[in-house]
Amino acid sequence: MAIATGVTPRVPELPGVDHDKVVGYLDVLRGGAQVGERVAILGAGGIGFDVAAFITDPGDDASLDIAAFQQTWGIDEAETTPGGLTSPSHRSAPREVTLLQRKTSKVGAGLGMTTGWIHRTELKARGVTMVPGVTYERIDDDGLHVTVDGAPQVLDVDTIVLCTGQEPNRTLHDELQAKGVTVHLIGGADVAAELDAKRAIDQGTRVAAAV
C-alpha cells in the first residue's frame, strides 16, 4: 500500500508566533484569513512566492485575459512597434508586502529555471520588497522583529504569513504500521523538503509496478 498523505505546514519556534497578526499560508490561500494592507511573508520558497502573488493580485485577471496579459507584459499583438514590444503596464498592488528569507542567496534562486524569472519580475513590478539573510527574532504588538546584516529592525505590519516549510503528514502511515500493515511512503509524506512532483510520480510508479 502506498501512502501519499502529503504535508502539513511547519510552524517555526519563534517567540510570539501565536500572535493575532500571524496566519498560516493555507488559511490565506483558502480565503479564510483576514490579510491586512502591510504584510510580511516569512519564507521565500515556492509557497512564499505563490502567497505574495496571491495577495498582491490587482484583480485584472492577467493570467486569464489575453488583452490584460499583453498590456501587463508590454506585448504589441499588432506589431506596430519594433519587436512587437511596448512599455509594460502594471496595476498597483492592493498591499505592501515584504518577502523574507533566512538564506543569504538571491531571493527566488530556488524557483524553476524557466519560470522563476517571471515570478520575480511580476512581484518586483507589484512593489514587493525581497530581503535575504534575515534572522527572525520575535513577534509582538509592534510587529515583526528581525535582524538583517547585523542591524535590528522592526517591520510594522498588520499580518505575518508563515511560509516556513512543511513536515511530512504520516499520521495514517503510523496508524497502519502499528496494525502491522505494510505501507510505502511516497511524495511529501516521504520527504517534505523541496516538494518534487517528479520524485513522487516515480515513487508511485515503482510501488505500483512491484504489486
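## Aspartate 149 and its turn

Aspartate 149 counts as exposed, because its relative accessibility is 75%, over the 50% cut-off. The model is predicted. The residue belongs to the loop between β8 and β9. Its phi is near 55 degrees, which is a positive value in a residue other than glycine. That loop closes a hairpin: two residues lie between strands β8 and β9.

A second residue, glutamate 79, also has a positive phi near 55 degrees without being a glycine. Glutamate 79 sits in the loop between α3 (66-73) and β5. Its relative accessibility is 63%, so glutamate 79 counts as exposed.

## The antiparallel sheet

What order do the strands of the three-stranded open sheet take? The order is β7-β8-β9, with antiparallel pairing. The edges belong to β7 (134-140) and β9 (151-155). Each has a single partner strand, so one side of each is left without a neighbour in the sheet. Neighbouring strands are turned by 25 degrees against each other on average, direction ignored.

Strand β8 covers residues 143-148 and joins β9 through five bridges. Two of the pairs can be named. Histidine 145 has valine 154 of β9 as its bridge partner. Threonine 147 has proline 152 in β9 as its partner. On the β7 side, β7 and β8 are paired over six bridges, again in the antiparallel sense. There, valine 134 stands opposite valine 148 of β8. The two strands form a hairpin with two residues between them.

Is β8 mostly covered or mostly open? Mostly covered: six of its six residues are buried. By contrast, aspartate 149 in the loop that follows on towards β9 is exposed.

## The parallel sheet

Five strands build an open sheet with parallel pairing. Their order is β3-β10-β4-β5-β6. Strands β3 (22-24) and β6 (129-131) are at the edges. Each of these has a single partner strand, so one side of each is left without a neighbour in the sheet. The twist from one strand to the next averages 25 degrees.

Inside the order, β4 (residues 38-42) and β10 (residues 159-162) run parallel and are joined by four bridges. One of the paired positions is leucine 42, whose bridge partner in β10 is leucine 162.

## Helix α2 on the sheet and against α4

Helix α2 lies across four strands: β4, β5 (96-100), β6 and β10. It runs at about 165 degrees to β4.

Helix α2 (residues 46-55) also packs with helix α4 (residues 116-125). What angle do the two helices make? The angle is about 40 degrees, and the axes are 10 Å apart. That makes α2 oblique to α4. The crossing is left-handed. From α2, the contact uses Phe49, Ala52 and Ala53. From α4, it uses His119, Arg120 and Leu123. These contact residues divide into four nonpolar, one polar and one charged.

## Glycine 165

Glycine 165 is in the loop between β10 and β11 (166-168). Is glycine 165 buried or exposed? It counts as buried, because its relative accessibility is 16%, under the 20% cut-off.

Which residues does glycine 165 contact beyond its neighbours within four places in sequence? Those residues are Pro9 and Arg10. Glycine 165 and proline 12 are 153 residues apart in sequence. In space, their C-alpha atoms are 8.8 Å apart.

## The chain as a whole

The chain has 211 residues, of which 35% are buried. Its secondary structure comes to six helices and 12 strands. The C-alpha atoms fill a box of roughly 70 × 50 × 30 Å along the principal axes.

How much of the contact total comes from residues 24 or more positions apart? Counting contacts with a separation of 6 or more, the share is 66%.

Terms used
Residues numbered from 1 in each chain as written. Predicted model: local features only at pLDDT ≥ 70, side-chain atom pairs only at ≥ 80, totals over all residues. Heavy atoms only, no water. Pairing = 2+ DSSP bridges. Axes fitted to C-alpha atoms, helices over the stretch in contact; angles between N-to-C directions. Buried < 20%, exposed > 50% of the residue type's maximum accessible area, 1.4 Å probe, protein only. Parallel < 35°, antiparallel > 145°, perpendicular 65-115°, else oblique. Left-handed = near helix turned anticlockwise from the far one by under 90°. Contact = heavy atoms within 4.5 Å. Nonpolar A, V, L, I, M, F, W, Y, C, P; charged D, E, K, R; others polar.
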